[in-house]
Amino acid sequence: MQFTGRSVALDTSAGIWLAESAAAAPPCTVAALVPSSFEAVARVLHPAVRYVGDDDVEVPWASVAAANGTTVHPLMQWGSVTGAMEYFENDDQSPLWHGAPARGHLPGPGAERLVAVLSRWTTTPDVCWYAVAQGGAVLTDHPTLSLPDREYWLINGPIELAAQNMAAEPFEQSANLWWPADRAWCVVTDIDLVSTYVGGSAACLAELFDAEGLEVLPAAPLERTTWDADQVNPTPPDAPDL
């Protein structure tokens with residue numbers, strides 16, 4: 001089996017540090033995704049999309065919040081910002097946006113912008129690890145990296161692979177986890193979330209906050225990552241019962 005033309009690794013020991021960190025963290029928190037050993041953590045919001053002819057125009061959450069009269073803050077959640085859980089998949093707010101933020105997938109343009117920053121903050125840009133959440137048929141001859149509630153296949157390669165599609169066409173899937181061999185930073189796109197978390201040094205993340213084309217918010221290890229984490233904006237009326 002291959003992802004982006006690279007074979008799945010038979011040795012998953014490169015990801016043990018992530019598995020150990022996730023197992024020790026409270027469930028459904030930032031620390032369960034990104035090791036709390038990093039100096040700082042950032043949350044990169046996946047943009048909504050407006051269709052203009054044949055073009056997909058990125059729409060930041062801040063624009064969606066402004067149109068809905070809701071508040072931008074680090075723990076805002078898509079359902080609370082838009083006012084309905086149905087806006088994750090089944091509806092839109094035309095003409096502002098037509099496609100909801102990608103769930104469990106960091107779109108290519110965003111990944112490219114991350115790569116442009118993160119490549120400057122590692123000594124091993126040519127040796128990075130990528131984890132793709134297990135799905136479909138089980139391959140018993142390919143070992144997986146086991147994290148709480150998730151199994152991942154690993155591949156390795158240069159940092160540029162982060163912007164490549166890991167799925168077979170016509171589907172799109174980014175790597176769910178990626179980090180350089182020197183562990184200078186770590187990027188996590190959980191399959192259930194519409195945002196990506198990045199752990200790294202304070203200096204690295206300061207540059208990420210200033211990167212053009214990325215909507216980035218600060219995050220903290222014990223913050224929750226669930227739909228109900230937003231305690232500022234109203235709870236969507238169609239939200240699940242707690």
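Trainee: Which residues lie nearest the centre of the largest pocket?

Mentor: This is a predicted model. Its largest pocket holds about 590 Å³ of space. The lining is made of 30 residues, and those nearest the centre are Cys 28, Leu 33, Arg 150, Asp 190 and Thr 225.

Trainee: How many residues in the lining of the largest pocket are nonpolar?

Mentor: Helix α1 (16–24) and strands β8 (150–157) and β11 (195–200) each supply at least two residues of that lining. Sorted by class, the lining of the largest pocket has six charged residues, five polar ones and, as the number you want, 19 nonpolar.

Trainee: Which element gives the most to the lining of the second largest pocket?

Mentor: The second largest pocket has a volume of about 490 Å³, and 25 residues line it. At least two lining residues come from each of β4 (48–52), β5 (55–59) and α4 (108–118). The element that gives the most, with four residues, is α4.

Trainee: Why is Cys 128 not in a disulfide, and how far is its sulfur from the closest cysteine sulfur?

Mentor: A disulfide is a covalent bond between the sulfur atoms of two cysteines. The cut-off for counting one is 2.5 Å between the sulfurs. For Cys 128 the closest cysteine sulfur is in Cys 186, and it is too far for a bond because the distance is 11 Å.

Trainee: How many disulfides does a search of the whole structure find?

Mentor: Cys 204 is also without a bonding partner, because its closest cysteine sulfur, in Cys 186, is 12 Å away, too far for a bond. Cys 204 is buried, with a relative accessible area of 1%. Over the whole structure, the number of disulfides found is zero.

Conventions:
Residues numbered from 1 in each chain as written. Predicted model: local features only at pLDDT ≥ 70, side-chain atom pairs only at ≥ 80, totals over all residues. Heavy atoms only, no water. 1 Å grid on protein atoms, 1.4 Å probe; cavity = no way out; pocket = protein on both sides within 12 Å on 5 of 7 lines; lining within 4 Å. Points joined across faces, edges and corners; volume = space filled by probe spheres on them. Nonpolar A, V, L, I, M, F, W, Y, C, P; charged D, E, K, R; others polar. Buried < 20%, exposed > 50% of the residue type's maximum accessible area, 1.4 Å probe, protein only.
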